[in-house]
2 protein chains.
Amino acid sequence: MLQQPYSPNEPQQDPAQALDSGYVVGADIGGTNLRLALADRQGAIIAKWSTLTVDIRNPAVVVALVSEGIEAMLQQTSVPRSSLRAIAAGAPGVTNVDQGIVIATSYLMGWRDVPLRAFLEAALGIPASIDNDVNMAAIGESWAGAAQGIRDFVFLAIGTGIGAGIILNGSIFRGHGWTAGEIGYLLVPGTTEEPVERGKPGALEAIVGGEGIKAQWQSQWSEAATPLPKSATATQIFDHALEHNPLAQQVLETASRTLAYAIYNISLILNCPLFVLGGGVGMHPALCSATKNVLAQRSARVQPQLVPSALGADAQLTGAIRVALDTADSRLTTSKT
Amino acid sequence: MLQQPYSPNEPQQDPAQALDSGYVVGADIGGTNLRLALADRQGAIIAKWSTLTVDIRNPAVVVALVSEGIEAMLQQTSVPRSSLRAIAAGAPGVTNVDQGIVIATSYLMGWRDVPLRAFLEAALGIPASIDNDVNMAAIGESWAGAAQGIRDFVFLAIGTGIGAGIILNGSIFRGHGWTAGEIGYLLVPGTTEEPVERGKPGALEAIVGGEGIKAQWQSQWSEAATPLPKSATATQIFDHALEHNPLAQQVLETASRTLAYAIYNISLILNCPLFVLGGGVGMHPALCSATKNVLAQRSARVQPQLVPSALGADAQLTGAIRVALDTADSRLTTSKT
């Protein structure tokens, strides 16, 4: 093998150091938006990119959009493609992390057994990891958000529906069939006892999720009771409750009592001291405050702390960056052994 | 140091082998009985001993009874005291396993911050470990009972009250404040929503626990409705339900529906595939069968398997033996390093 002459124009790098100086991509795949971030090996975000995904159901199209977004971020930052070390993506469904397969998403996206990790690795030529999006958010809050340094906590994502990311002994607990934390079907006093049809909101979700809150508002709405339209969103209804509208207060009271019961139950079972409320509905201050009040009325045995997400809409993306950093590190370790 | 001459009458043993050939003690401390077992290093029980503990509240008296029982088992088996390697004891309360302290038992025993491990080590001169009795039972079922080889499962002890031992990723999950699995206060449809006073049965316990089942029977009892006395026990009531008595069937139906909801909730949160029913009330075949029927009516998403405890009343003791074996091994390892 020919010895390369030393050239002062090409900086000589230790190969390990070159890997250290690379970049990773975090991806948050949702039914409404695809959001990407490019981060350095310390996790600092140097570029973001997003696009709408409404009506996009084909996984191949989603992966092509991820490629397009990465290309745009690389151009914007002048980072060479060869510096990319890994990608991690959160997907809105039950995800087999070991095999890299999205087992099932909601009926809206309709994914079944999509080998997303293999698709990403084939399209991008870098190691990929995937996980459920709520788990990604919990990892984000644990690393850089409201739950730093907490061994056991639960991240509750409340948007259209409700899901939990459970961190026990410092790691995500995913369960036997990857569905731990799928709490939309929880039964607490006040929820329906009737078995719920497939594709319909679960018993808890029907009262605490954004769609359920809207449905309750609509079923009780009358022109005389409120100036807010029948088509109001959950956050508009909660804003209206803060303005002392009785109908909105009643919907908030039902949602927060039911949410408090769910938190109380999870807290009894897992004895975890912290719940982080995330998602568009979950982060509304009226919901957090009213839920705290219900919990405070119960036994002092179980008084978990409730805090809003510190990362907000970036929780999933932040978690994905953390997982991408770990993925880059583990592949580095693997290739060394 | 003088070299001992070889004597053919005293078999020479490798010190590690001598340790291997020792014995351990498992103890199950309850409000009604104290049960002990002496086992060899393969876990085979060679002697058992038990005594009543009704009205005995003083931890020093309980430890003296443990000493007495061990002495009796040693005499019976001609095992020398010097062959004892470790003891592990299950206690009926919240237990700090790291510090070896029973933080709190029910009001009946009334223990608060009892350093049981230190008491046992001082009295017996061997390493001791302690844990909550339901956790011990779960460890027993995992090692030698109905849950062998299962990574994630929940042991439900239903006697006077109800408690859960949670095994996740093959290990007991104890929670931030050692109270994981204290599910007597769970809220499900049909339980009271009123906060429960300290010392009273929890919302779930009041319907599913033995005392709660008796209370429900008593509140509905009339001489015309049943030949069974008003003072019947939970298992007598369940036997009576199997004989098609409508009043007993109604009490069974309420208990099993409520238990099924609790199992359904835990299963959603933890996605664990197996529940082992133990305890005098929990092992009644009528309760298991009726609870399975309620679960079968719900979504196929969550269909955990329900099985009765394989170890029955020995579950706690078997788990204590397993923990005592681990304690002996870990002290052996520690003393080597």
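**Notes on strand 12 and the two domains of chain A**

1. Let's start with strand 12 of chain A, residues 274-278. This stretch is mostly covered, with 5 of its 5 residues buried. Keep in mind while you look at it that the model is predicted.

2. If you check the strand side by side, both faces turn out to be covered. Leu274(A), Val276(A) and Gly278(A) sit on one side and are buried. Phe275(A) and Leu277(A), on the other side, are buried too.

3. Now for the neighbours. Strand 9 of chain A, residues 153-158, pairs with strand 12 in the parallel sense, over 5 bridges. To find your place in this pairing, look for Phe155(A), which stands opposite Val276(A).

4. Strand 12 also pairs with strand 13 of chain A, residues 305-308; these two run parallel and are joined by 4 bridges. Val276(A) is a handy landmark here as well, as it stands opposite Val307(A) in strand 13.

5. Stepping back to the whole chain: the domain assignment splits chain A into domain 1 (20-138 + 315-336) and domain 2 (149-309). Taken over C-alpha atoms, the centres of the two domains are 28 Å apart. Where they touch, domain 1 puts in 11 residues and domain 2 puts in 14.

6. Which elements supply at least two residues each to the side of domain 1 that touches domain 2? They are strand 5 (93-96) and helix 4 (133-144) of chain A. Helix 4 gives the most, with 4 residues. By residue type, this side of domain 1 has 8 nonpolar and 3 polar residues, and no charged ones.

Conventions. Residues are numbered from 1 along each chain as its sequence is written. Chains are lettered from A and ligands numbered from 1 in the order in which they are written. This is a predicted model: local features need pLDDT of at least 70, side-chain atom pairs count only at pLDDT 80 or more; totals for chains, interfaces and linings use all residues. A residue is buried if 20 or more other C-beta atoms lie within 10 Å of its own, exposed if 12 or fewer, and partly exposed in between; C-beta atoms are placed from the backbone. Two strands pair if DSSP finds at least two bridges between them. Domain bounds come from an automatic or database domain assignment. Two residues are in contact if their C-beta atoms, placed from the backbone, lie within 7 Å. Ala, Val, Leu, Ile, Met, Phe, Trp, Tyr, Cys and Pro count as nonpolar, Asp, Glu, Lys and Arg as charged, and the others, Gly among them, as polar.
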